[in-house]
Amino acid sequence: MSSEDDKLMEASLREATKNMLISDGVSSTHPVKCYELDLNMGKSQDIDNSRTLDLLKETKGSFYYRLTTNTIRGSSWLKKLNQAVWPYLVPEIEQVFPELTKIILFEDFPKNYGLYLHITQKKEQLNTNKFRTDAYLFGHPQKKKFRSPNEFLPHFLWLLAGGTESGSECFCQYCNSKNSRTPKRNATLINTPKGKKAKILNLSP
């Protein structure tokens, strides 16, 4: 497949899916004690240790950095989410469309969802250079936070299928704690370039 074909395939898939993803995100669930990262530090890291340690003193050992999609951790989280979603969009993708797995189809999180890096320091770490970092995705209506792309995947798939408008039930651990699971792959077809077919998930009952 030529590079021109790749671009055509990518454009076609983005066009086919751009209006599919709805959102139930609530921005008021995001952290209040939040700071912006310095994006001028180069590609090797996102965190300025000196500034972080100063902020830990000011905030008494706990605060959040906002992770945009152009930060190292933000882009990595989104890339992993895209990779996890692809098998549901195109079952057996490695055998049928291996080139698609490199495409970042969803370039941002659903509206009013946001990724944050929680910086914490235990009492025994005070006055040292040690601290803990944990990335969380906020925006769930029940004020829950997703700890990883895989944990967010069931909820993301449900939003992709239409959310409450689809008539289906979300099986993420926060919407359905008693019966949480990742939905089964059940797809309908859309057209792609050169008469090929790509399967876009349909989680309706």
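1. A good place to start in this predicted model is F152: this residue is buried, with a relative accessible area of 0%. Buried here means under 20%, so F152 qualifies with nothing exposed at all.

2. F152 belongs to helix α5, which spans residues 149-160. Of its 12 residues, 11 are buried, so the helix is largely enclosed by the rest of the structure. Besides F152, the buried residues include P149, E151, H155 and W158. Just after α5 comes G162, whose phi is positive, near 120 degrees.

3. Now for the aromatic rings: a search of the whole structure finds 11 aromatic pairs. One of them joins W77 and F109 edge-to-face, at 5.7 Å centre to centre and with 70 degrees between the planes. W77 sits in helix α3 (residues 72-89) and F109 in the loop between α4 and β3, so this pair ties together parts that are 32 residues apart in sequence. Both W77 and F109 are buried.

4. F152 has a ring partner too: with Y113 it makes a tilted pair, 5.5 Å centre to centre and 45 degrees between the planes. The two come from distant parts of the chain, 39 residues apart, with Y113 in the loop between α4 and β3 and F152 in helix α5. Y113 is likewise buried, at a relative accessible area of 7%.

5. It is worth looking at the wider setting of that pair. Y113 and F152 share one aromatic cluster with F106, F146, F156 and Y174.

6. One last contact to find on screen involves a lysine: K145 lies over the face of Y136, at 4.2 Å from the ring centre.

Note on methods: Residues numbered from 1 in each chain as written. Predicted model: local features only at pLDDT ≥ 70, side-chain atom pairs only at ≥ 80, totals over all residues. Heavy atoms only, no water. Buried < 20%, exposed > 50% of the residue type's maximum accessible area, 1.4 Å probe, protein only. Helix = DSSP H or I, 4+ residues; strand = E, 2+ residues; numbered from the N terminus. Phe/Tyr/Trp six-rings, centres within 6.5 Å; stacked < 30°, edge-to-face > 60°. Lys NZ or Arg CZ within 6 Å of the ring centre and 35° of its normal.
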